[in-house]
Amino acid sequence: LHAWHRYKELPKYRLMFSQLQSRLQRGLKKSDYTWLFENVRFGWKRIMRKTYHDSVYLLSNLSNVQIAHCEKKFQENLKELKEEIVIGKIKRREKSYESIVKTMEYFYGDLSDSQKRSIKTMAVSMIDLVPIRYRFYKERYGKFLSMLKEKGNASKIKSTLKRWMLQTPYSYPPYYRSALNKVRIQSMQIYLAIDKSATNSQRLYAIKKMSELVSLIKDLERG
């Protein structure tokens, strides 16, 4: 799997960042964001296809101890999400704003106060995904554990993983799929707004960042 990823996937990532560099030079459009999203989505689908059969075999042969460990990890994950819910929507908004600024500054360098205010204004209106994600994870973890505990039911594991791994996001319940689509659109609006307001130095910084990522991936390809 590691060799496959190095020789098959890394060149695709390198090409994507190289093409993104050209798009950044002229300024990003909605079609560029869609192109980038589709590149990432198809990359994820390739990984799911590659690991599907091994995942079926692995999950069909878990011991009781391993299943218990999975259950413990799931409960820990749910607890972390629950803690995010408890802190309240205002604090979650602030954390979301800080995360977006951090991401934008990774690609564009330091943002101006005006750009940060723009992000804050748009971030406030973004859908609050945490409670929705908690509901989805709780439902899916429950189904997943129930499936694992049905010993000798490899056919159910195979059909369930096929739906979850190879038919994503269509395997998501409508409420979760709808929320993810809204977040994607709102995120696109923020990214395009910042790119539109980017100064010459910020754009040069972003172009240089793409070059650095391309060089990094080349090094990873060589091992």
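Here are a few exercises, each with a worked solution, on the predicted model shown above.

## Exercise 1: Getting an overview

Find out how many helices and strands the protein chain has, and what extent its C-alpha trace covers.

**Solution.**
- Step 1. Begin with the secondary structure: the protein chain contains nine helices and zero strands.
- Step 2. Read along the sequence, and the pattern is α-α-α-α-α-α-α-α-α.
- Step 3. Turn to the extent: along its principal axes, the C-alpha trace spans about 60 × 45 × 25 Å.
- Step 4. Now look at burial: 35% of the 223 residues of the protein chain count as buried.
- Step 5. Finish with the contacts that have a separation of 6 or more: residues 24 or more positions apart account for 80% of them.

## Exercise 2: Helices α1 and α9

Work out whether α1 and α9 are roughly parallel or roughly antiparallel to each other.

**Solution.**
- Step 1. Locate the two helices: α1 covers residues 2-26 and α9 covers residues 200-222.
- Step 2. Take the angle at which they pack, about 165°, with the axes 9 Å apart.
- Step 3. Apply the cut-off: angles over 145 degrees count as roughly antiparallel, and α1 and α9 are therefore roughly antiparallel to each other.
- Step 4. Add the handedness: the crossing of α1 and α9 is left-handed.
- Step 5. See who makes the contact. From α1 the residues include Y7, L10, F17 and L24, and from α9 they include I207, M210, V214 and I217.
- Step 6. Sort the contact residues by class: 14 are nonpolar, four are polar and five are charged.

## Exercise 3: Helices α4 and α5

Which word describes how α4 and α5 lie to each other?

**Solution.**
- Step 1. Find α4 at residues 89-108 and α5 at residues 113-124.
- Step 2. The angle between this pair is about 135°, and the axes are 9 Å apart.
- Step 3. Angles over 145 degrees count as roughly antiparallel and 65 to 115 as roughly perpendicular, with oblique for what is left outside the named ranges. The helices α4 and α5 are therefore oblique to each other.
- Step 4. The crossing of α4 and α5 is right-handed.
- Step 5. On the α4 side, the contact is made by R93, E94, Y97, I100, V101, M104 and E105; on the α5 side, by K116, I119, K120, A123 and V124.
- Step 6. By class, the contact of α4 with α5 has seven nonpolar, no polar and five charged residues.

## Exercise 4: Pairs of charges

How many salt bridges does the count come to? Then examine the pairs K12 with E9, R23 with D32, and R135 with E139, and say how buried or exposed the partners are.

**Solution.**
- Step 1. Recall the idea: side chains of opposite charge can pair when their charged atoms come close.
- Step 2. The count comes to 17 salt bridges.
- Step 3. Take K12 and E9, whose side chains meet in a salt bridge at 4.0 Å, N to O. They are three residues apart in helix α1, so about one helical turn separates them.
- Step 4. Check accessibility for this pair: K12 is at 37% and counts as partly exposed, while E9 is at 1% and counts as buried.
- Step 5. Follow the links further: E9, K12 and R46 are joined in a network of salt bridges.
- Step 6. Go on to R23 and D32, where the closest N and O atoms are 2.5 Å apart. Both of these residues are buried.
- Step 7. End with R135 and E139, which form a salt bridge at 3.3 Å, N to O. Both lie in helix α6 (residues 129-149), four residues apart, about one turn of the helix. R135 has a relative accessible area of 45% and is partly exposed; E139, at 32%, also counts as partly exposed.

## Exercise 5: The surroundings of Y205

Which residues does Y205 touch, not counting residues up to four places away in sequence?

**Solution.**
- Step 1. Place the residue: Y205 sits in helix α9.
- Step 2. Its relative accessibility is 38%, so Y205 counts as partly exposed.
- Step 3. List its contacts: Y205 touches E105, Y106, F107, Y108 and G109.
- Step 4. Compare sequence and space: Y205 and G109 are 96 residues apart along the chain, and their C-alpha atoms are separated by 6.3 Å.
- Step 5. Set another pair beside this one: K12 and K30 are 18 residues apart along the chain, and their C-alpha atoms are separated by 22 Å.

Note on methods
Residues numbered from 1 in each chain as written. Predicted model: local features only at pLDDT ≥ 70, side-chain atom pairs only at ≥ 80, totals over all residues. Heavy atoms only, no water. Axes fitted to C-alpha atoms, helices over the stretch in contact; angles between N-to-C directions. Parallel < 35°, antiparallel > 145°, perpendicular 65-115°, else oblique. Left-handed = near helix turned anticlockwise from the far one by under 90°. Contact = heavy atoms within 4.5 Å. Nonpolar A, V, L, I, M, F, W, Y, C, P; charged D, E, K, R; others polar. Buried < 20%, exposed > 50% of the residue type's maximum accessible area, 1.4 Å probe, protein only.
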